[in-house]
Structures are given as C-alpha cells and as structure tokens.
Amino acid sequence: MAANNENRKDGGFNFPPVGNSGRPMKAPKFNSYWMFIILAAVIIGFQFMGSQTSPVRTTWQEVQEKMLANGDVEEIKLITNRGQANVYIKPEKVENYSKLKANGFTSTSAGPQFYFKTGPQDVFVEELKAVQESVPGAAGVVLDYDEEYDGWANIMSWLFPIILLVFIWVFFFNRMSRGMGGPGNVFNVGKSQAKLFDKDTASKVTFKDVAGLAEAKQEVEEIVSFLKNPTKYTKLGGKIPKGALLVGPPGTGKTLLAKAMAGEANVPFFSMSGSDFVEMFVGVGASRVRDLFKQAKEKSPCIIFIDEIDAIGRARGRNPNMGANDERENTLNQLLTEMDGFATNSGVIILAATNRADILDKALLRAGRFDRQIYVDLPELKDREEIFKVHMKPLKVAGDVDVSFLAKQTPGFSGADIANVANEAALIAARRNRDEVTKQDFLDAIDRIVGGLENRSKVIKAGEKKTIAYHEAGHATVSWLLEHAHPLLKVTIVPRGKALGAAWYLPQERQITTKDQMLDQMCSLLGGRAAEEISFGQVSTGAQNDLERATKQAYAMVSIFGMSEKVGNLSYYDSTGQSDFSFTKPYSEKTAELIDTEAKNLVETSYARAKAILANYKEQHRQVAELLLEREVIFSDDLERILGKRPWNDEEEGAAGNGESAATEAQPQEPAQNPQP
Ligand code: ATP
C-alpha cells in the first residue's frame, strides 16, 4: 500500500565522524542483546576472579601433622553452616607451601589460604584442643567461629542457567516472530499487526485506478461517503453499515478496491491479512483482535480492512479433533464479539475480502456484522477494455494496438492477469529492442501467460513429433466439425510450458452451459487420443491431461449438474464446503456405482463420436497434421481451407476471435471447480 513508515529516517548529523580510513564511522546502535552480553561477561569475570585466590583444599590430618606441628597457623575459623574450617597461615610462612604459590598466594595475600571439612564440629573442637595441648607450635592458634555465604558466586550459580535459558528463548522467539512478519518483540506478540494508513501515509491509489467493477465501486464509494458525511444518512434514521465483504475470484481487484478506499476515505485505515491474527501461541489471535478494535475505536471514524478473511472466518466446529482449530475459533469468536460489541454509530467500518464466502461462518455473514456482500466478478469484455487502458497508461504503446481487440482475446482473464499481460508485453518489446510495445508483443504476452514459456530448444524425436502433430490435428479437426466446440484459433506443436503442443481456442463467454455444449467440448478433448488410435493403431501418454479433464467433466455432469438421466436431477455438490472434511459420501454405494457407470458412458460415447468424425475425415485430418508438421503453427484459415467453412455462426455463440491468438481451451472446461448456478 502506501509509503512504509519503517523506511522513514529521522534527521541526523550533517558531518558524520570520520574514521582513520577516511570513511565515515557509524555510531554503534544500542541493541538489547548487549545487556545480555555484558551480564554474561560480568558473571564470567566474577567466577574467574573468585577462583584466582580461593583457598586450597586440604585435610585435618595435614593441618595437624604439618601446619600446626610447624607452628605455621595463625588462626582457624570454623564455618559453622558448612562443616568447614578455614586455615589462616602466618604471612611469613606462606612461602613454605608450594600449593599456595601455585594458586597465586603471596605473603601479602589475605587468607584464608586453606580449608578442610571438619566432620562433627564438637568432635573437631575437642581434637583441636588436644593437639594444642600436645603440640607446642599449635598453642597460640586462635579458634574462631563464623558463618559464610557465597554471595554473588552462589546466586549466579543458579541464576546464570536461568538467564541463559531466557536469553535463548527471547532470541528464538524474536527470530520466529520476525520470520512471521510479526513485531519482532516478545512483549508485542498480542498486539495487532495492522498497518495504519492515515493522512500522511495514505495510499496513492484512487478509485480512478480501479477500472470496471462499476457496481462494486459504487457500493464502496457509498461507504466512504457514509464516513465523510454521516449525518446525511443518520438524520433520516438510517444506520451506517458495520461491514462489507468483498467476494470474488483471485485477482479481480478486491485488495485494489480497498486500497482505493484507503486513498479516498481520508480517515485512518487499518489494513491486515486474516493470517496475521494466527500465531503459534494460544490466545494471541483473540488478543490481536481486541487490540485492533481498541486502536480502531480510538481513531474512529475509521476503516478496518481484513484481507483473506477466510483464514480466520471459516465455519466453526468442522474438524474438532484438530488442535489448531480451537485457536482459530477463539479468534473468530473474538471477532464476532467485537463486531457486535460497539455502537452502530461509532464509525468503525469493517471491510473484508475473500475468495470463498461459501466457507465463511454464517454468524460472520449475518446482517449486523457484514451487512453488505459486494461481488467482484471476473471482468466482462467492457471491463477488460478499461482495465487494459489503466495498465497501458504507463507504457509506450504503438498505434496498431487496439484495446478492444485485446479485450476480446482475453476472456476469463482477471484484472491481475491483464496487468500481467501489459507488463509482460513491455518486457517482450524491450527484449526485442523496440521503441514501442506493439500488438504482436501483447499477443505473445497473452500466449505466454496462458500457455507458459515457449521452449523451442526441447529435443523431440521425429517419431514423437509426428504423434504430437496428429494428436493436435485430431483436436483441431474434431472441434472444427462440432457446433458447440470453442472456436479454434491456432494449432501449434512448439513446446510451451509443460505442453508439447496445443490447440488454441477462444473460450466463449457463456453465462450458462448446455449439455450439448459440454458434450461437444468433451468430444473435442478426446479428439487427440482418437486421432492417435486411428492413425497409428496405438495410443500414447500424451493424452493424459485431456483424459483427466474429460473425466472431471463427465463426473461433474453426472453428479453436480444432474445431466445423466439414470442418476437424475440430483446434485452432490456442496457449496458450503462442509463436505471438505467429511469422509463419507452423500450417496449410497449403489449410486456411486451408477455415477461411475454413467460418467464412463459419457466419456466412451464422446470418444466413439470423435473416432467416427476422424474416420469420416481421415484424409483432411492427415492434411492438417502434415501441414502442422511442416509449419509448426497453423491458423484457423488453414483449417478452413482443408475442412471447409464452419456452417455455424461463432459470433452468435458469443465468441469474438479473429484468428490471431487466444486463450487455451483450459479455462471454460473445468466446471467441477466452478459450477454455474
Ligand atoms: P486475491 O483474492 O487473490 O487477493 P484480489 O482480488 O485482492 O486478489 P488484487 O490484489 O486487488 O486482487 O489485484 C491484483 C492486481 O490486479 C492489482 O494490483 C491490479 O494491478 C490488477 N487489477 C485487478 N483488478 C483491477 C481493476 N479492476 N482495475 C485495475 N487493475 C486491476
């Protein structure tokens, strides 16, 4: 979105200090880790210092036989709390003990120089008295009593491991938290991650940058006007809506619309993604929701935008065995509470975006929370034209580029796809050292986005190439001879992306699809394999993708669209997404068998039909394939020459191609994922 606050720098010195090398020296920045390093150094220092002149351990026997006998001892101090006695040697006698010298003791060092364990104290005192009486050198030894606590060293011995553990924990937590885009501070984990855009940091996007989407834009503009002039609506007794949900396929401009709203509303705008609430710690999500709403209420009137709300808004209680679910549910519950918790006129409006409104919790969608659902659909022809215009503005476009032609070539493209086409076209033009982006660059960009990168250097054997050519020619011939197949634009055997060849169609923009249309599409899908069988008497793995799609389509026709007479008008599609987590099917084993048989029948019938068409037009099919082998790319004109003009009016079907380039057949032929109402 708009300018990033983190990148802003405060005003500094004009003349930074210069080091010996002549380069400016950077003043070291304070870092909280320094504290830990200093602390560790102090602790180690203490331990090191302590160990240098610490008394040397000895035994009571050695004290009696050597030290007391020689008259070297000045004082014995009994440390009553430790069962230990410290021995103070007369300064002038220190030199006599090599052990002391090795430990750094000199005649001036303070004692005690030795210590030993006494055993029971009264026994020791008795024994000492006996020695003093019998040994002359021991007579003057002073006996004292004391208690001793280690102070620092003692405390540190148990404190140090704790500090070390805390340090490691904080270090890893901060690392992890930063990795997750978090605040990078253990104490901020429960704080909201929302980015705030206000007057100074407002997004530069305006409603003018959002092309098409007239209805969605109007709804959003109305919300902005609520915030700017609430009394206009409230004086008649109306209430400002609490929230609006933007729903639509990926890349259709939902986030863009929200950014434009942030740019135009002139009120603080909090933006975050649904996944920002989720962290590995329990309770963090709910705490972040609370914090977000607290901040928002302080800044009211304002807008909160939650992108990809399905990350937290998925219906509750689906798979109760999963631990992660509880945390998400807590977060959702908190969101529900907060959305209902503030007064209607408090001026906090929540805007959310999702690709899948069907899986959201019903409680989230009820009026009073998200009062409005705004559908942002894939752009129609007119909208695509406008989106092209927006994204072509920054480009140097040649005079031969016709925006409406490009819009016709891109059915099923989202706004994001179109933005990508414009950018890709500019890159292609630059690679070709052109001064302007031409129509051909745009067409190549569309091809690239639909089919992937051309891969001419791929090594393909002559035999394989022939199989590919006959396969693609099979698709082309069959679809040319079917009324409802998508109009063909070109056929190529130049490898592109993962495909070794492709028949390119211009998908028709249909609102509803009939059974005949679906059967024709399935037949043209199977045309490739049928061609292989008829021409070579054997089939190859090259048809895998076609078969996969035909199978999906057949099952969708039978179990979703109710297009099989035997199964009847039943649809087992669950638009609520509830069945995603269930292991049982909503039909009996018998029905499952029937669905399998019916789907198989559909595919087999279509395959037989494709084979029959190719058998009838065997010579023409061969010609198409040979031409393809020769030229690598052939267009609909070539097919018209070989197979004759199609007797059907494609324009009436809704197609709008003129034979130069197009989207692949992939887009409209996967109804299983995108059933039509
Ligand atoms: P998703 O659901 O995947 O998050 P989205 O609907 O939020 O997708 P955006 O992020 O808003 O999609 O759109 C992506 C890009 O597509 C935008 O940055 C913009 O360049 C372009 N775009 C999409 N729709 C439009 C439009 N109507 N006008 C202009 N540009 C558009």
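Trainee: Why is Leu500 called partly exposed?

Mentor: Its relative accessible area is 38%. A residue is buried under 20%, exposed over 50% and partly exposed in between, with a 1.4 Å probe and protein chains only. The value of Leu500 falls in the middle class, and therefore the residue is partly exposed. This is a predicted model, in which local features need pLDDT of at least 70 and side-chain atom pairs count only at pLDDT 80 or more, while totals for chains, interfaces and linings use all residues. Residues are numbered from 1 along each chain as its sequence is written, and side-chain values use heavy atoms, with hydrogens and water left out.

Trainee: Where is the place of Leu500, between β12 and β13, and which residues does Leu500 touch?

Mentor: Leu500 sits in the loop between β12 (488–492) and β13 (502–505); helices (H or I, at least four residues) and strands (E, at least two) are DSSP runs, numbered from the N terminus. Not counting residues up to four places away in sequence, Leu500 touches Lys458, Ile460, Ile468, Ile493, Val494 and Pro495, where contact means heavy atoms within 4.5 Å. Glu472 lies 28 residues from Leu500 in sequence, with the two C-alpha atoms 9.7 Å apart.

Trainee: Why does Ser414 count as buried?

Mentor: Its relative accessibility is 5%, so Ser414 falls in the buried class. Ser414 belongs to the loop between α14 (403–408) and α15. Leaving aside neighbours within four places in sequence, its contacts are Pro250, Gly251, Thr252, Leu378 and Pro379.

Trainee: What makes the phi of Leu213 notable, given that Leu213 is not a glycine, and is Leu213 buried or exposed?

Mentor: The phi of Leu213 is positive, about 45 degrees, although the residue is not a glycine. Leu213 lies in the loop between β6 (195–197) and α6 (214–228). With a relative accessible area of 13%, Leu213 is buried. Glu632 is also not a glycine and has a positive phi of about 70 degrees. Glu632 is in the loop between α21 (618–631) and β14 (633–635), and at 21% relative accessibility it counts as partly exposed.

Trainee: How do you know which polar atoms of Asn355, Gly253 and Thr252 lie at contact distance from the ligand?

Mentor: A polar contact is a pair of N or O atoms within 3.5 Å; within protein, one must be able to donate a hydrogen and the other to accept it, and residues adjacent in sequence count only if both atoms are side-chain atoms. A polar side-chain atom of Asn355 is 2.7 Å from a ligand oxygen. A backbone N or O atom of Gly253 is 3.1 Å from a ligand oxygen, and a polar backbone atom of Thr252 is 3.2 Å from one. Each of these pairs therefore meets the limit of 3.5 Å. The ligand alone exposes 630 Å², and the protein buries 80% of that, with areas from the Shrake-Rupley method and a 1.4 Å probe; for residues, only the protein chains shown count as cover.

Trainee: What makes up the shell around the ligand, by class?

Mentor: The ligand is surrounded by 18 residues, the closest being Ala211, Lys254, Thr255, Leu256 and Asn355; the criterion is a heavy atom within 4 Å. The shell has eight nonpolar, seven polar and three charged residues. Here Ala, Val, Leu, Ile, Met, Phe, Trp, Tyr, Cys and Pro count as nonpolar, Asp, Glu, Lys and Arg as charged, and the others, Gly among them, as polar.
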